[in-house]
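Dear colleague,

I am handing over the structure below, and I would be grateful if you read the notes that follow with the coordinates open beside them.

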Amino acid sequence: MLTIIIRNEDFISESNVEITEKNDINHVKNVYRYKTGDTIRLIDGKFEYKAVIAEIGNKRILLRVTEKHEDSYSLRVELDIALGILKNDKMNMALQKLTEIGINKIIPLKTDRVVVKLSDSKEKWNTVTEEALKQCRGVKIPEIEKILTLKDIEFSAYDKVLFAYENSSENKPVFTILSGEEKRILYLIGPEGGFTEEETKYIREQGALEISLGKRIYRAETAAIVIGGILADVYK
């Protein structure tokens with residue numbers, strides 16, 4: 001079933017929704033070939049809806065909402081990631097998979113070893129996460145924060161802060177340092193090349209806990225996805 005993300009302005013009334021986005025209209029008419037009377041899934045970041053197509057036009061589609069449900073797909077923890085900005089394809093892949101996992105907020109992190117040009121990335125990143133959300137049956141749209149540095153992050157806002165460090169001597173698996181009762185967790189992943197020693201020192205000073213993924217060295221995007229998956233399994 002096709003999923004469409006709707007905004008407040010799409011609601012004509014509580015039970016009527018108007019779709020005017022060209023890509024959504026194209027999907028309804030030409031990709032899925034839906035007809036009047038067919039059902040579409042809608043999400044708005046808080047709720048999931050089922051809606052029946054009432055009218056199909058070239059510039060708008062009118063839907064009548066038949067069901068409204070609470071979000072039953074999100075994790076029971078606000079799981080945020082601060083991710084050192086990666087090159088285009090790698091960053092896009094990480095954002096896609098993190099959305100599928102159920103990450104709450106993605107903080108693009110500018111660190112010393114980030115070499116990517118940062119012109120119009122945020123709009124493209126939003127598109128990647130929204131498309132991934134439509135495909136994975138999620139409801140809550142991940143928030144993509146503006147680009148931050150380590151010193152911009154409010155570490156005290158989290159119950160636990162974790163970071164993966166390839167030169168770690170701690171060797172603590174992720175799940176061994178969680179109580180399962182945390183409400184907000186942040187984990188940090190460096191860019192290609194990792195965090196510098198100075199950055200690692202600063203992260204530790206903020207109370208972050210080192211975690212290990214074993215003896216192998218993971219690429220940044222792989223580490224982001226693996227740790228996210230482990231945390232999601234604890235708080236599913």
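In what follows, two residues are said to be in contact when heavy atoms of theirs lie within 4.5 Å. Please keep in mind throughout that this is a predicted model.

I begin with alanine 232, which sits in helix 5, the run of residues 220-234. Once the neighbours within four places in sequence are set aside, alanine 232 is in contact with Leu75, Leu79 and Ile101. Its relative accessibility is 9%, and because buried means under 20%, alanine 232 counts as buried. Isoleucine 185 is 47 residues away from alanine 232 in sequence, although the two C-alpha atoms are 11 Å apart in space.

Helix 5 leads on to the nonpolar cores. The largest of these has 35 residues, of which Ile81, Leu162, Tyr187, Ile189 and Leu231 touch the most other members. Two or more residues come from each of strand 7 (78-84), helix 2 (88-101), helix 3 (121-136), strand 10 (160-164), strand 11 (184-189) and helix 5, and helix 5 gives the most, with six residues. Leucine 162 has contacts beyond four places in sequence with Val174, Ile177, Leu178, Ile185, Leu186, Tyr187, Leu188, Leu209, Ile211 and Leu231. There is also a second, separate core of 17 residues, which includes Leu150, Ile153, Val161 and Tyr202.

Helix 3 deserves a paragraph of its own. Its 16 residues reach 23 Å from the first C-alpha to the last, close to the 22 Å expected at 1.5 Å a residue. Within helix 3, the residues Ser121, Trp125, Val128, Thr129, Ala132, Leu133 and Lys134 are buried, and the buried residues of this helix pack against strand 1 (3-5), helix 1 (22-31), strand 4 (39-43), helix 2, strand 8 (105-109) and strand 9 (143-144). Arginine 137, which follows helix 3, has a positive phi, near 70°.

The last site is glutamate 48, in strand 5 (residues 47-56). Is this residue buried or exposed? With a relative accessible area of 7%, glutamate 48 is buried, and its side chain is joined to that of arginine 41 by a polar contact of 2.6 Å. Apart from neighbours within four places in sequence, glutamate 48 is in contact with Arg41, Leu42, Ile43, Glu67, Lys68, His69, Tyr73 and Val139.

With best regards

Note on methods: Residues are numbered from 1 along each chain as its sequence is written. This is a predicted model: local features need pLDDT of at least 70, side-chain atom pairs count only at pLDDT 80 or more; totals for chains, interfaces and linings use all residues. Side-chain values use heavy atoms; hydrogens and water are left out. Helices (H or I, at least four residues) and strands (E, at least two) are DSSP runs, numbered from the N terminus. Buried means under 20% relative accessible area, exposed over 50%, partly exposed in between (1.4 Å probe, protein chains only). A polar contact is a pair of N or O atoms within 3.5 Å; within protein, one must be able to donate a hydrogen and the other to accept it, and residues adjacent in sequence count only if both atoms are side-chain atoms. A nonpolar core is a set of buried Ala, Val, Leu, Ile, Met, Phe, Trp, Tyr and Cys residues joined through side-chain atoms within 4.5 Å. The expected span of a helix is 1.5 Å times one less than its number of residues.
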